[in-house]
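Colleague: Could you show me how to read a two-chain model, step by step? I am new to this and would like to ask as we go.

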Amino acid sequence: MASHPVAETLPGGHAESGHDIHRIRKTAMWVFLGSECLFFGAMIATFLLYRNSTGDGPGPEIFDIPFTSASSFVLLMSSLTMVLAHDAFERGDSRQARVWLGGTALLGSTFLAGQIFEFTEFIHEGLTLPTSPFASSFYMLTGFHGIHVAVGVMLLMAMFILSLNGRLYDDRGLNVELVGLYWHFVDIVWIVIFTVVYLLQVL
Amino acid sequence: MTTDDTAHLPAARTYWMIAAVLFVVTAIEVAIAYVERLADLVAPMLIILGAIKFGIVVAFFMHLKFEKPLMKSLFLIGVAGAIILFIVVLATFRAL
């Protein structure tokens, strides 16, 4: 995502140093996201190793693809609302940015609610964490992704509250652009999980 | 509020169009997963469609397409590392 003119908001700061700080933060975020790719890559590889180790427990046949497709759609659309929030932020329209940030948090919460419902259904069908290596790797992967979504929702809500206080452009706190990068990353991880863990396993 | 960095970013209308494309690709993914006639082709098709969605979100929503080479490298090294890790782990345990 492109940079915002944070230099204007740095208290007593030099214009160029403000821009540099923003660059450093953004670079750090890209490094973090690159390392997260390795983290989720390892988790997905582990799941694929154990995908057939279901023991006496249920396997991928219990996946509800229509339901998960709807959840995927919700998360995908949250990426749209997030980029629209960033767009409004860049235009200086804090009211519209607030609306899109709130919408993104709502869609993220809906996805989380769907995941909790899905886990509850699976547990009722006998797929618990210690049931089998398949179950353990599935819950670890999707659970860690869910934790990432929950952190994203909290960051979005913090941004929303900052916008209510008129501090959306305050560079001392969070930044819409960086939170947006994190949120889109959570979305692309789910794109991979939905394809590899759900769709490919029910074939 | 626009800086030199943001001047070339897509307009809001473009984001809506990209979202529509993502929706259509997702619908195609789900649909072909149920087509028995395509049994042998479904897996590669799903992987290709997933990669397209991944690329679209990274390029346009994360704006990596418009970023400087350093930022692109930092992220793409992570993605490449994940793919290599993936292949090495699965090959080691003969799960490919």
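Modeller: Here is a walk through confidence, helices, burial and the contact between the chains.

Modeller: This is a predicted model, where local features need pLDDT of at least 70, side-chain atom pairs count only at pLDDT 80 or more, and totals for chains, interfaces and linings use all residues. Residues are numbered from 1 along each chain as its sequence is written, while chains are lettered from A and ligands numbered from 1 in the order in which they are written.

Colleague: What does chain A average in pLDDT?

Modeller: The term pLDDT is the predictor's confidence in each residue, from 0 to 100. Chain A averages 88, and 89% of its residues score at least 70. Among its elements, H1(A) has the lowest mean, 87, and H3(A) has the highest, 96. Over residues 2–14 of chain A the pLDDT is below 50, although this stretch has 29 contacts in the model beyond near neighbours in sequence. A contact here means two residues whose C-beta atoms, placed from the backbone, lie within 7 Å. Where pLDDT is low, the predicted coordinates should not be read in detail.

Colleague: Thanks! How many helices and strands does chain A have?

Modeller: Helices (H or I, at least four residues) and strands (E, at least two) are DSSP runs, numbered from the N terminus. Chain A has five helices and zero strands, and chain B has three helices and zero strands. For chain B, that gives the pattern α-α-α along the sequence.

Colleague: Is chain B compact or spread out?

Modeller: One guide is the radius of gyration, taken over C-alpha atoms and set beside a globule rule of 2.2 Å times the number of residues to the power 0.38. Chain B has a radius of gyration of 17 Å, well over the 12 Å that the rule gives for 96 residues, so it is more spread out than a compact globule. Along the principal axes, its C-alpha atoms fill a box of roughly 50 × 35 × 10 Å.

Colleague: And what span should H3(A) have?

Modeller: The expected span of a helix is 1.5 Å times one less than its number of residues. For the 31 residues of H3(A) that should be 45 Å, and its end C-alpha atoms are 45 Å apart, which agrees. H2(A), with 27 residues, reaches 39 Å from its first C-alpha to its last, close to the 39 Å expected. Just after H2(A), Gly92(A) takes a positive phi of about 85°, and just after H3(A), Gly126(A) takes one of about 100°.

Colleague: Where is His63(B) found, and what is its phi near?

Modeller: As background, most residues other than glycine have a negative phi. His63(B) is found in the loop between H2 and H3 of chain B, and its phi is near 60°, a positive value in a residue other than glycine.

Colleague: Is His63(B) buried or exposed?

Modeller: A residue is buried if 20 or more other C-beta atoms, placed from the backbone, lie within 10 Å of its own, exposed if 12 or fewer, and partly exposed in between. His63(B) has 23 C-beta neighbours inside 10 Å, so it counts as buried. Leu41(B), in helix H2 of chain B, is exposed, with 11 other C-beta atoms within 10 Å. Across the chains, 44% of the 203 residues of chain A count as buried, and 25% of the 96 residues of chain B do.

Colleague: Which residues touch the most other members of the largest nonpolar core?

Modeller: A nonpolar core is a set of buried Ala, Val, Leu, Ile, Met, Phe, Trp, Tyr and Cys residues joined through C-beta atoms within 7 Å. The largest has 72 residues, and Ile44(A), Ala85(A), Ala97(A), Leu101(A), Val189(A) and Ile193(A) touch the most other members. H5(A) gives the most to this core, with 18 residues. Leaving aside neighbours within four places in sequence, Ile193(A) is in contact with Leu141(A), Thr142(A) and His145(A). Ala97(A) and Leu101(A) are among the buried residues in H3(A), whose cover includes H2, H4 and H5 of chain A.

Colleague: Last one: how many residues does the contact take from each chain?

Modeller: The contact takes 42 residues from chain B and 44 residues from chain A. On the chain B side, H3(B) gives the most, with 12 residues.
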